[in-house]
Amino acid sequence: MTTQELTLPKAELHLHIEGTLEPELILEMAERNGIVLPFPTLESLRAQYEFTDLQSFLNLYYANMAVLITEADFADMTRAYLRRAQAAGVRHAEIMFDPQAHLARGVELTTAVGGIAAALASSEADFGISTGLIAAFLRDESEASALEVLEALLAMEAPIIGIGLDSAEVGNPPSKFVRLFERARKAGLHLVAHAGEEGPASYVTDALDLLGVERIDHGIRSVEDPALVARLVAEQVPLTVCPLSNVRLRAVNTLADHPLPRMVEAGMNVSVNSDDPAYFGGYVGTNFAALEKEFAWGASVAQTLASNSIRSSFASDARKGEMFAELDSWVAAQG
Ligand code: ADE
Ligand code: ZN
């Protein structure tokens, strides 16, 4: 990796905090919490990181969450991510967590939210990264379950800025969650949803029209529908693309086959993100480096992608202004 990808000031908009649990930290937390994992050594655990599709990854991702027990575990995981994000040039991060996955294991909302929020509260001071927290709901669970958890988050005044929709996409369309998104909109929350990762382009259209989302997570299968592409360009709908994730989960065969260059060329509002960096071979700087190696785009496309990430964030206009100024300085320094 050159220093260019790391110094490029950027926002990360698609990041699952549980997907930042590195194998070393999983084993350390298992040890301190007295949890016996099915793969108790680094070697045996690392051997599980070959995925055939989204579900094969989700199985390991949910299993590894078993080590997250205390507020300190959630705070440590979050700080470890922020440290790595800082090294990757991230200035603002919008971080998803999966409350239902923790509740299902008997971990209270206050534990998960309290630990993550504690780390985020000092993120600007500790790492120079402004943050926002997004509660992501599991689309392979019922809407009633999601609504119940959203009400609990609202009742405890959890410091969330929005809701998202993640987990197994195919067979769990946006139409299943119309009431959930209506409730979140009424509560003044931002709305995002995974769509068009493994699922069809029509899920992207439905996430926009039925759920009213402001951003689409992934959205790569949009390119299969020219009318949708034209709409996404016209409306400048942000798509938070995660190239290394798509390769590792076999949404694309190789990085060379990734639709991102076509999406950039078409004028779509795409950003580059890491999704679950501990599982997919690297943080956002590594994603940028892999793209540069494959497509040799140079500084101007990197600037466009970083600029898209800043304008598509839910940061305040003042914060966006600061980040744009930093990006301008970066561009000037490229010569
Ligand atoms: N949960 C964590 N990572 C995910 C992804 N890439 N797609 C859907 N759900 C997820
Ligand atoms: Zn994701």
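A residue is taken to be near a molecule when one of its heavy atoms lies within 4 Å of that molecule. By this criterion, in the predicted model examined here, ligand 1 is surrounded by His16, Leu54, Phe57, Leu58, Tyr61, Asp166, Ser167, His194, Glu197, His218, Asp275 and Asp276. Among the elements that supply this shell, helix α4, comprising residues 54–64, gives the most, with four residues.

Polar side-chain atoms of several of these residues approach nitrogen atoms of the ligand. For Asp275, a polar side-chain atom is placed 2.7 Å from a nitrogen atom of ligand 1, while the corresponding separation is 3.3 Å for His16 and 3.5 Å for His218. The accessible area that ligand 1 has on its own amounts to 260 Å², and the protein covers 100% of it.

Asp276, which also belongs to the residues surrounding ligand 1, is covered by the annotation "binding site" in an unreviewed UniProt entry. In the model, Asp276 is located in the loop between β8 and α15, the latter formed by residues 277–280. Its relative accessibility is 2%, and Asp276 therefore counts as buried, the cut-off for that class being under 20%. When neighbours within four places in sequence are left aside, Asp276 is in contact with His16, Gly19, Phe57 and Tyr61; of these contact partners, His16, Phe57 and Tyr61 are also listed around ligand 1.

At the level of the whole fold, the unreviewed UniProt entry places the feature "domain: Adenosine deaminase" at residues 9–329. This span is 51% helix and 15% strand, and its end C-alpha atoms lie 10 Å apart.

Helix α17, formed by residues 299–311, was examined for its length and its packing. At 1.5 Å a residue, its 13 residues should span 18 Å, and the end C-alpha atoms are indeed 18 Å apart, so that the expected and modelled values agree. The buried residues of α17 are Val301, Ala302, Leu305, Ala306, Asn308, Ser309 and Ile310. These buried residues pack against two strands, β1 (10–16) and β8 (269–272), and against the helices α14 (260–266), α16 (284–295) and α18 (317–334).

A further position considered is Glu182, which lies in helix α10, spanning residues 178–186. With a relative accessible area of 42%, Glu182 is classed as partly exposed. Between Glu182 and Ile129, the separation is 53 residues in sequence and 30 Å in space, taken from C-alpha to C-alpha.

Definitions and conventions: Residues are numbered from 1 along each chain as its sequence is written. Chains are lettered from A and ligands numbered from 1 in the order in which they are written. This is a predicted model: local features need pLDDT of at least 70, side-chain atom pairs count only at pLDDT 80 or more; totals for chains, interfaces and linings use all residues. Side-chain values use heavy atoms; hydrogens and water are left out. UniProt positions are given in the numbering used here, feature names are shortened, and annotations may be inferred rather than shown by experiment. The expected span of a helix is 1.5 Å times one less than its number of residues. Buried means under 20% relative accessible area, exposed over 50%, partly exposed in between (1.4 Å probe, protein chains only). Contact means heavy atoms within 4.5 Å. A polar contact is a pair of N or O atoms within 3.5 Å; within protein, one must be able to donate a hydrogen and the other to accept it, and residues adjacent in sequence count only if both atoms are side-chain atoms. Accessible areas come from the Shrake-Rupley method with a 1.4 Å probe; for residues, only the protein chains shown count as cover.
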